[in-house]
Amino acid sequence: SYSVTGVQTCALPIYLPVSHNENLLGIVQIANFKELVQMSTLESLSKLMGHYLVVNHHLMESNQWASRLQQLLEFIGSISSSLDPDQILRMLLEQVSQLLDAEACSLYLIDDANGEAILHLSSRSDHRLVENYRIPQGKGLIQHVIASGETLMVNNVLNDKRYFNGVDVLSNFKTRSVLAVALVSNRIELGKERGSTNSRIIGGLEILNKMNGGFTKMDVMLAEIFASQAATIQQTAQIYNQMDELMIQLLTSLMHAEIGRASCRERV
């Protein structure tokens, strides 16, 4: 109960909302007053508490960003230690899992012949047995991302009809949450009269099972950065493979031509 002046006059507990900009953050219980307290003072204190809760939350997010960006820079610096694209991509998947506090990360590539999504690599060593598993076109969250280019954040896959459990069944893994991002190759000018490569979706990245809570907007931003790097690595590897094939074809043609000339000289 209160007096006419708004001063707390009894020891019964009271409950005050803790809010910031009209957003309710919680409830604080106040009880066992030893002195008379004005209600306006308690309300001011609850508003101040709400302000500091928001400030502390932003500070924690800022510290998380700084830590994650530092890890990202360290990873970028380690890329030069390997020239094997699959090894680099495995390192990238492991880094994604660590930075996003996820249980696993998988990279899918499109089979242009039939539109299937091929599980190319996984961050988990026990998932390597199911690498090369194919998800049919139109099935699963990853195929939706590949078809639309839309980033998906699903914190409970059982509530999403697009979820496909084919990989889970084979790997004895239980997917709870998914953050899926498209791999988009860049347009590259090949120089002179050799034309350019077109920008297109070449696959997708799936981050599985956030360990604490659900995926956040910060996770989405980091996942999209990593997906861009993965797409660049894969695209560069494909260009080098094509160059190697062209070189082998050229050398094979030259060798056959030389054999043919030698055969002609022998007959003469």
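Let me start with strands E6 and E7. They run antiparallel, and three bridges join them. One of the pairs to look for on the screen is Leu152 with its bridge partner in E7, Ala180. Keep in mind that this is a predicted model.

On to the other partner of E7. E7 and E10 also pair in the antiparallel sense, over eight bridges. Val184 can serve as a marker here: its bridge partner in E10 is Ile201. How many residues of E7 are buried? Seven of the eight are, so the strand is largely enclosed by the rest of the structure.

Now the sheet as a whole. It is an open sheet of six strands, and the order is E5-E4-E3-E10-E7-E6, with antiparallel pairing. Which strands are at the edges? They are E5 and E6, the latter covering residues 152–154, and each of the two pairs on one side only.

Let us move to the E5 end of that order. E4, residues 117–122, pairs with E5, residues 134–135, in the antiparallel sense over two bridges. In that pairing, Ala117 stands opposite Ile135 in E5. E4 also pairs with E3, again in the antiparallel sense, over five bridges. There, Ser106 has Ser122 of E4 as its bridge partner. E3 and E4 form a hairpin with six residues between the strands, and in this hairpin Gly115 takes a positive phi near 80 degrees. As for cover, E4 is mostly covered, with six of its six residues buried.

Next, helix H3. The buried residues in this helix are Gly140, Leu141, Ile142, Gln143, Val145 and Ile146. What do they pack against? The answer is E3, E4, E5, E6, E7 and E10. Just after the helix comes Gly149, which takes a positive phi of about 80 degrees.

Take one residue from that helix, Gln143. H3 covers residues 140–148, and Gln143 lies in it. Is Gln143 buried or exposed? Its relative accessible area is 5%, and the cut-off for buried is under 20%, so Gln143 counts as buried. If we leave aside its neighbours within four places in sequence, Gln143 is in contact with Gly115, Glu116, Ala117, Ile135, Pro136, Gln137 and Gly138. Two names in that list have come up already: Gly115 from the hairpin of E3 and E4, and Ala117, which stands opposite Ile135.

Now the nonpolar cores. In soluble globular proteins, nonpolar side chains tend to be buried together. The largest nonpolar core in this model has 28 residues. Those with the most contacts inside it are Leu100, Leu107, Leu183, Leu205 and Ile207. Where do the residues come from? The elements that give two or more are helix H2 (85–99), E3 (102–110), E7 (178–185), E10 (200–210) and helix H5 (217–267). H5 supplies the largest share, nine residues. There is also a second, separate core of eleven residues, including Leu141, Phe173, Ala180 and Leu208. Ala180 is the bridge partner of Leu152 from the start of this talk, and Leu141 is one of the buried residues of H3.

A residue to look at in H2 is Leu93. Leu93 has a relative accessible area of 0%, so it is buried. Setting aside its neighbours within four places in sequence, Leu93 is in contact with Cys105, Ser106, Leu107, Leu121, Ser122, Ser123 and Leu205. That list holds Ser106 and Ser122, the bridge partners I pointed out between E3 and E4. Leu93 and Glu206 are 113 residues apart in sequence, but their C-alpha atoms are 9.5 Å apart in space.

Now the outside. Tyr15, Leu24 and Ile27 form a nonpolar patch on the surface, with about 370 Å² of accessible area together. Ile27 is in strand E2, residues 23–30. Its relative accessibility is 56%, which is why Ile27 counts as exposed.

Last, the chain overall. It has five helices and ten strands. Of its 268 residues, 35% are buried. Its accessible surface comes to about 16700 Å², and 55% of that belongs to carbon and sulfur atoms. Among contacts between residues at least 6 apart in sequence, 57% join residues at least 24 apart.

Conventions
Residues are numbered from 1 along each chain as its sequence is written. This is a predicted model: local features need pLDDT of at least 70, side-chain atom pairs count only at pLDDT 80 or more; totals for chains, interfaces and linings use all residues. Side-chain values use heavy atoms; hydrogens and water are left out. A nonpolar core is a set of buried Ala, Val, Leu, Ile, Met, Phe, Trp, Tyr and Cys residues joined through side-chain atoms within 4.5 Å. Buried means under 20% relative accessible area, exposed over 50%, partly exposed in between (1.4 Å probe, protein chains only). Helices (H or I, at least four residues) and strands (E, at least two) are DSSP runs, numbered from the N terminus. Contact means heavy atoms within 4.5 Å. Accessible areas come from the Shrake-Rupley method with a 1.4 Å probe; for residues, only the protein chains shown count as cover. Patches are made of residues with over 30% relative accessible area and no salt bridge: like charges are joined within 9 Å, nonpolar side chains (Val, Leu, Ile, Met, Phe, Trp, Tyr) within 5 Å. A salt bridge is a side-chain nitrogen of Lys or Arg within 4 Å of a carboxyl oxygen of Asp or Glu. Two strands pair if DSSP finds at least two bridges between them.
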